[in-house]
Amino acid sequence: MKAAAFDYTRAESLDDVLDLLRREGDEARVIAGGQSLVAMMAMRLARPTHLIDINHVDALAGVAPAGHHVIIKACTRQTAAMASDSVRRDAPLLAAALPHVGHIQTRNRGTIGGSLAHGDPTAEILLTAIALGARVTLASTAGARELDITDFSIGAMETSIREDECLAEVHFPKPPAGLSVGAAVDEISPRAGDYAVIGAAAEIGLTEDGTCKHIRLGVSGAAPVPVLCAPTMEALMGTRLADSDIDEAAHLITPLLSPESDVQASAAYRLRVAPGMLARATKAARDRAKTHQERGAGSGAT
Amino acid sequence: MTHSISVTVNGATRQAEVEPRQTLVDFLREQLGLTGTHVGCEHGVCGACSVLLDGEPIRSCLMFAVQTDGHEITTVEGLREEDGALGILQDSFWETHALQCGYCTPGMLIAGQDLLTRNPNPSDEEIREAIAGNLCRCTGYLQIVDAIRLAGARMRQAPEALGTEAGDV
């Protein structure tokens with residue numbers, strides 16, 4: 001299976017990218033790491049007539065803390081984000097998610113923004129973005145616009161990005177200061193790095209007496225896009241996060257789920273397993289927060 | 001329309017004209033005659049086409065050759081010793097019978113070489129994770145794990161061996 005013919009431009013600047021997108025319209029596609037797009041082109045599920053390569057646009061790569069957020073430029077490699085001190089310190093949930101993303105061969109090329117723009121419903125970066133309430137910046141010659149991740153990722157493999165736009169930045173909220181923070185991502189997958197059947201993400205912040213004052217939870221693989229587990233978050237906020245409380249609160253997400261059956265698992269299985277995975281990730285994040293508290297450290301994902 | 005590229009492959013700079021739709025693996029095999037890298041699934045699942053791009057393992061079916069202009073590639077051919085003898089990892093695959101049909105072998109060697117460059121003393125679990133992106137349809141995984149473990153032990157005895165081409169880039 002070979003890709004259909006296309007024209008290729010290696011863009012040197014963001015202006016290059018945006019000018020080309022404006023001129024070429026929906027026939028052009030941006031290629032970042034290409035770890036999903038090239039496979040789709042090989043299978044002829046995607047047939048762009050023009051590829052705009054953003055891998056050499058310096059303005060689209062890098063990690064920088066800014067106020068209450070960590071800003072990750074769209075074309076930042078997944079391995080580069082994993083190696084970033086800023087991600088480890090200020091985006092502990094993303095740090096916990098990244099080792100689950102694909103394999104080392106795909107993380108070396110794959111990017112943070114590329115994964116979000118592809119919109120796979122089981123992708124861990126999207127799960128993290130939804131759990132944390134991340135925002136994205138879309139650039140175009142008409143100007144930039146900023147969207148909540150839930151307004152950007154609107155369905156399985158579906159985003160609200162316009163044909164003249166390029167995803168430029170992702171803003172991940174930092175955990176609040178002054179709490180002991182723990183984060184965990186857990187999933188069921190046939191092998192390390194395979195597509196997850198069900199994934200769960202949890203970031204938790206505890207006060208000195210062990211009360212939960214910060215909690216962000218998400219589940220993937222059980223709906224067209226990952227689900228923010230708001231009812232469970234509300235139920236557990238202000239508690240001491242006892243195992244029994246977590247187990248009970250995790251079941252509050254069931255009405256939010258609408259899984260489908262596929263070759264990996266049935267809808268019934270996903271529905272049954274999702275609350276358990278959420279509880280498992282929540283307990284792991286709580287335990288890490290407690291470990292950091294005992295060590296007197298602030299946050300961490302390992 | 002073709003594009004001119006200049007890419008360093010196993011230490012030698014190569015100039016070529018490529019069509020944008022030609023993948024890196026097809027370029028290596030068809031234009032450069034480096035048939036050690038195998039084409040498996042052609043959509044990023046099997047890992048047989050793994051090569052090192054600027055020293056990091058990638059899948060050469062998920063990158064177009066035109067994108068490699070100015071970069072360095074190491075293929076399985078680049079893992080041998082300067083005199084043409086098998087490298088330590090390759091010899092360890094031989095020693096432990098870590099290949100049957102040989103189709104996955106170049107990808108397994110690239111994945112194993114990358115792991116041992118980063119971590120000369122990996123646990124079996126770390127070895128398994130490092131080759132999780134590479135499928136062996138003969139299902140000979142146990143001997144592959146044995147081979148990488150053996151190569152690690154041999155390299156720790158002869159640390160200068162890590163300065164092979166793949167280790168240097």
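**Exercise 1.** Which are the buried residues of helix α11 (residues 243-250) of chain A? Find them in this predicted model, then work out how they sit around the axis.

*Solution.*
- Step 1: Apply the cut-off, under which a residue is buried if 20 or more other C-beta atoms lie within 10 Å of its own. In α11 of chain A, I246(A), A249(A) and A250(A) are buried.
- Step 2: Look along the axis. These residues cover an arc of only 100 degrees around it, which puts them on the same side of α11(A).
- Step 3: Recall the helix geometry. An α-helix has 3.6 residues a turn, so residues three or four places apart point the same way.
- Step 4: Look for the cover. What covers the buried residues of α11(A) includes α10 (230-236) and α12 (267-295) of chain A.

**Exercise 2.** In what order do the 5 strands of the open sheet in chain A lie? Name the edge strands too.

*Solution.*
- Step 1: Follow the antiparallel pairing across chain A, and you read β4-β5-β10-β6-β7.
- Step 2: Check the ends. β4 (63-66) and β7 (145-148) of chain A each pair on one side only, making them the edge strands.
- Step 3: Add the twist, which averages 25 degrees from one strand to the next.
- Step 4: Zoom in on one pair. β5 (residues 69-73) and β10 (residues 166-173) of chain A run antiparallel and are joined by 5 bridges. Here K73(A) stands opposite E169(A) of β10(A).

**Exercise 3.** Where in chain B does pLDDT stay under 50?

*Solution.*
- Step 1: Start with the whole chain: chain B averages a pLDDT of 93, and 93% of the residues score at least 70.
- Step 2: Now find the stretch, residues 165-169 of chain B. For these residues the model has 18 contacts beyond four places in sequence.
- Step 3: Finish with the overall scores, ipTM 0.91 and pTM 0.93.

Technical notes. Residues are numbered from 1 along each chain as its sequence is written. Chains are lettered from A and ligands numbered from 1 in the order in which they are written. This is a predicted model: local features need pLDDT of at least 70, side-chain atom pairs count only at pLDDT 80 or more; totals for chains, interfaces and linings use all residues. A residue is buried if 20 or more other C-beta atoms lie within 10 Å of its own, exposed if 12 or fewer, and partly exposed in between; C-beta atoms are placed from the backbone. Helices (H or I, at least four residues) and strands (E, at least two) are DSSP runs, numbered from the N terminus. The arc is that of the directions from the helix axis to the C-beta atoms. Two residues are in contact if their C-beta atoms, placed from the backbone, lie within 7 Å. pLDDT is the predictor's confidence in each residue, from 0 to 100. Two strands pair if DSSP finds at least two bridges between them. Axes are lines fitted to C-alpha atoms, for helices over the stretch in contact, and angles run from 0 to 180 degrees between N-to-C directions.
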